[in-house]
Amino acid sequence: MSSVHSTFKSFVHACTFLSLIPNFVCDEEFNNLNGTLPEELATRGSLEVLDFQGNKLIGTVPSSLGNLDRLEQLILAKNYYTGFIPESFSQLTNLQVLALYDNTFNGTIPKEITKIGSMIRLLLHANQLTGTIPEFLAS
């Protein structure tokens, strides 16, 4: 395991532990972190901001992130994520910003995301998404 990956795992564990604090922000953007987001990150519901923008994160985004019911900002842009955008994100009823741009997500934009009433910014450009833009987003 590389030292960067060890540092990343340590940081994620710290985020998981510290998320017991109300209004906690997990912000680790542009730090050359690599690897995958572990499922256990989603076990602490008090996270309000999760920002891992501009790293070297790979794989699919854990659908368990949909369990972070206090999350207001989920920023995973500028990484190397693949696969579908999890439909479980529709459970993030407090989500205001979803930034997944500049990855390689494929498939369609889940219609369930359009039901998030608190959404202010949805940034999905520079991916490999297909299909039509849901009507709610197109207006």
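**Figure 1. Ala-42 counts as buried, with a relative accessibility of 7%.** The view is taken from a predicted model. Ala-42 sits in the loop that connects β2 and β3. Because the limit for a buried residue is under 20% relative accessible area, a value of 7% places Ala-42 in the buried class. Leaving aside residues up to four places away in sequence, Ala-42 touches Ser-64, Leu-65, Asn-67 and Leu-68. The C-alpha atoms of Ala-42 and Ser-64 are 5.8 Å apart, although 22 residues separate the two along the chain.

**Figure 2. Overview of the protein chain, with 2 helices and 10 strands.** Read from the N terminus, the order of elements is α-β-β-β-β-β-β-β-β-β-β-α. The protein chain has 139 residues, of which 46% are buried. Among contacts with a separation of 6 or more, 51% are between residues 24 or more positions apart. The exposed area of the protein chain is about 7,100 Å², and carbon and sulfur atoms supply 53% of it.

**Figure 3. An open sheet of 5 strands with parallel pairing.** The strand order across this sheet is β2-β4-β6-β8-β10. Strands β2 (34-35) and β10 form the edges, and each of them pairs on one side only. Strand β6 (residues 80-83) is joined to β8 by 2 bridges in the parallel sense. Within this pairing, Gly-83 has Phe-105 of β8 as its bridge partner. Another 2 bridges link β8 to strand β10 (residues 128-129), and these strands also run parallel. Here Gly-107 is found opposite Leu-129 of β10.

**Figure 4. The two faces of strand β8 (residues 104-107).** In a regular strand, side chains alternate between the two faces of the sheet. Strand β8 shows such an alternation. Phe-105 and Gly-107 point to one face and are buried, while Thr-104 and Asn-106 point to the other face and are not buried. The relative accessibility of Phe-105 is 0%, so Phe-105 counts as buried.

**Figure 5. The stacked aromatic pair of Tyr-81 and Phe-105.** The count of aromatic pairs comes to 1. The ring centres of Tyr-81 and Phe-105 are 6.2 Å apart, and the angle between the ring planes is 15°. Because planes under 30 degrees apart count as stacked, the pair of Tyr-81 and Phe-105 is given that label. The pair links distant parts of the chain, with Tyr-81 in strand β6 and Phe-105 in strand β8, 24 residues apart. Tyr-81 has 0% relative accessibility and therefore counts as buried.

**Figure 6. Strand β3 (residues 47-51) and its pairing with β5.** Since 5 of the 5 residues of β3 are buried, the strand is largely enclosed by the rest of the structure. Strand β3 runs parallel to strand β5 (residues 73-75), and 3 bridges join the two. One of the residues of β3, Val-49, has Gln-73 in β5 as its bridge partner.

**Figure 7. Phe-89 in the largest nonpolar core.** This core has 27 residues. Those with the most contacts inside the core are Leu-50, Leu-65, Leu-74, Leu-76 and Phe-89. Apart from residues up to four places away in sequence, Phe-89 touches Val-61, Pro-62, Leu-65, Gly-66, Leu-74, Leu-98, Leu-100 and Ile-116. A second core, separate from the largest one, has 6 residues, including Ile-75, Ala-77, Val-97 and Leu-123.

**Figure 8. Ser-88 in the loop between β6 and β7 (97-99).** Ser-88 has a relative accessible area of 14%, so this loop residue is buried. With residues up to four places away in sequence not counted, Ser-88 touches Ser-63 and Gly-66. Gly-66 is also among the residues that Phe-89 touches.

Conventions. Residues numbered from 1 in each chain as written. Predicted model: local features only at pLDDT ≥ 70, side-chain atom pairs only at ≥ 80, totals over all residues. Heavy atoms only, no water. Buried < 20%, exposed > 50% of the residue type's maximum accessible area, 1.4 Å probe, protein only. Helix = DSSP H or I, 4+ residues; strand = E, 2+ residues; numbered from the N terminus. Pairing = 2+ DSSP bridges. Core = buried A, V, L, I, M, F, W, Y, C linked by side-chain atoms within 4.5 Å. Contact = heavy atoms within 4.5 Å. Areas by Shrake-Rupley, 256 points an atom, 1.4 Å probe, with all protein chains shown as cover. Phe/Tyr/Trp six-rings, centres within 6.5 Å; stacked < 30°, edge-to-face > 60°.
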